[in-house]
Amino acid sequence: MCVCPSGQDSILEPLCFPEPPLGGPSAPSAPSPPGDALLVCLLCPESAPLWQNDALLKHLLLEHQLVIADVKLVADLPKYMLYWRRRFLELPLTDFCSVIKTNASGPIEKQENYFLLCDVLPEDRVLREKLQQKRLEEVLEQQQQERDDGSFRRLCMFCSDEFSGNRSSLLNHMAREHSFSIGLPDNIVYCHQFLDTLQAKLDSLQCLYCEKTFRDKTTLKDHMRKKAHRRINASNSVYDRFYVINYLELGKSWEEVQSEDDRELLDDEEEDDWSDWRARPVCAVCLFCDDQSETMEQIYSHMKDAHGFDLHHLRTEDGVLRHLEVEGHVMTLPDAATWNQPQYYFPTYENDALLCSLSDDGDDGDVPVIAEDVCDLRALQRSSVLSQLLRRGGKLLLSYLLL
């Protein structure tokens, strides 16, 4: 920290870095703060209007050697300062602030102590979060009022059409007819002031995206159309206060909130070890009755003992159809029009373990799958397996499903 010799007028801003023209990560503020809101000095009766907060912060620094860190991130600066004014009357400054000694290696008479009030202090952090939460509640309440407001009335910025009723009618019109979108209407808050800001830029012949100024409206419209500038610049922090997402977390812009959400999802995927995963119990159903079992071997034994049906033997001997005919297990099917429908071509028990495991046991190894030649679709239809099944009735259909 640089300190000028006593007696000279100096302005010290030890904790503020230069910010780009479009703004940094400052928290959005309400578009229209009360004009009579006052900021009161934390250590003396000095005060200043809210819109002159820089003057009071300069007073704190020069007169009391006190610096408030990240002051732009404080949601409600007047309440914040009133709170700490009361606390500083109760306890000394050093109980809350970090002390920064200047010219520590120089003579004692030239050393000065500066005090830093920041959210490293838990009490300060809690206060900032409470103010942020309160502001978020106010913004959401304001947004809901605007969404329910049926008295909205405004002219389109790009044509002479007038819209009344709900604000979404105008916003959707500008997006649909003029290719100008500001996002979903439900994400907008302080809509009237947002539209006033945009209208003021157009009235001053300023592009809404690059903010260049042109000599007349015709040139401006041509520029915005040819350059695809019929939109607002998402990097311009001037618009942050009109989007609810910028009020969600303390000191974070919409870009940071969205990127943080993605990182959390990735971290969750990486940290998942599936150690607490529990599979559903196996549910194999008998082919001839409603008996169920939790293991495949049990259901195989049940069918062999209760119904004389050895599925393993039938699969290896390829005698399913012959077995069905010999044993009289073939049922008389109703007319084909009743069952010849697509929903009956597939197994009906989606979670039947028996159907899922028919191709898993056995030592057949890898069997190559050869795709059908679809060059001649008519020939394919004539030779289709389903066509053969339909011609031969229900016997082959039943055996096809079993295999």
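The UniProt annotation "domain: C2H2-type", taken from an unreviewed entry, covers residues 205–234. The model discussed here is a predicted one. Within residues 205–234, helix accounts for 33% of the chain and strand for 0%. The C-alpha atoms at the two ends of this stretch lie 20 Å apart.

A residue outside the annotated stretch leads back to it. Ser181 is located in the loop between α4 (167–178) and α5 (191–203). When residues up to four places away in sequence are set aside, Ser181 touches Ala175 and Arg230. Ser181 and Arg230 are separated by 49 residues in sequence, yet their C-alpha atoms are 7.7 Å apart in space. With a relative accessible area of 42%, Ser181 is partly exposed, because this class lies between the limits of 20% for buried and 50% for exposed residues.

The protein chain as a whole provides the setting for these details. It contains 15 helices and nine strands. Of its 403 residues, 33% are buried. Among the contacts in the chain with a separation of 6 or more, 50% are between residues 24 or more positions apart. The accessible surface of the protein chain amounts to about 26,600 Å², and carbon and sulfur atoms contribute 51% of that area.

Some of the strands are arranged in an open sheet, in which three strands follow the order β3-β5-β4 with mixed pairing. Strands β3 (66–68) and β4 (98–102) each have a single partner strand and stand at the edges, so one side of each has no neighbour in the sheet. From one strand to the next, the twist averages 30°. The pairing of β4 with strand β5 (residues 112–117) is antiparallel and extends over five bridges. In this pairing, Ser98 stands opposite Leu116 in β5. Helix α1 (residues 53–64) packs on the sheet and touches both β3 and β5. The direction of α1 makes about 145° with that of β3. In a regular strand, side chains alternate between the two faces of the sheet.

A further antiparallel pair is formed by strand β6 (residues 152–155) and strand β7 (residues 162–165), which are joined by four bridges. Here Arg153 stands opposite Ser164 in β7. The connection from β6 to β7 is a hairpin of six residues.

The cysteines remain to be considered. The structure holds zero disulfides. Why is Cys41 not bonded to Cys44? The sulfur of Cys44 is the closest cysteine sulfur to that of Cys41, but the distance is 3.5 Å, which is too far for a bond, because a disulfide requires the two sulfur atoms to be within 2.5 Å. Cys41 is buried, with a relative accessible area of 0%. Cys97 is likewise in no disulfide, and the nearest cysteine sulfur, belonging to Cys118, is 8.3 Å away. Cys97 has a relative accessibility of 7% and therefore counts as buried, the limit for that class being under 20%.

Definitions and conventions. Residues are numbered from 1 along each chain as its sequence is written. This is a predicted model: local features need pLDDT of at least 70, side-chain atom pairs count only at pLDDT 80 or more; totals for chains, interfaces and linings use all residues. Side-chain values use heavy atoms; hydrogens and water are left out. Buried means under 20% relative accessible area, exposed over 50%, partly exposed in between (1.4 Å probe, protein chains only). Contact means heavy atoms within 4.5 Å. Accessible areas come from the Shrake-Rupley method with a 1.4 Å probe; for residues, only the protein chains shown count as cover. Two strands pair if DSSP finds at least two bridges between them. Axes are lines fitted to C-alpha atoms, for helices over the stretch in contact, and angles run from 0 to 180 degrees between N-to-C directions. UniProt positions are given in the numbering used here, feature names are shortened, and annotations may be inferred rather than shown by experiment.
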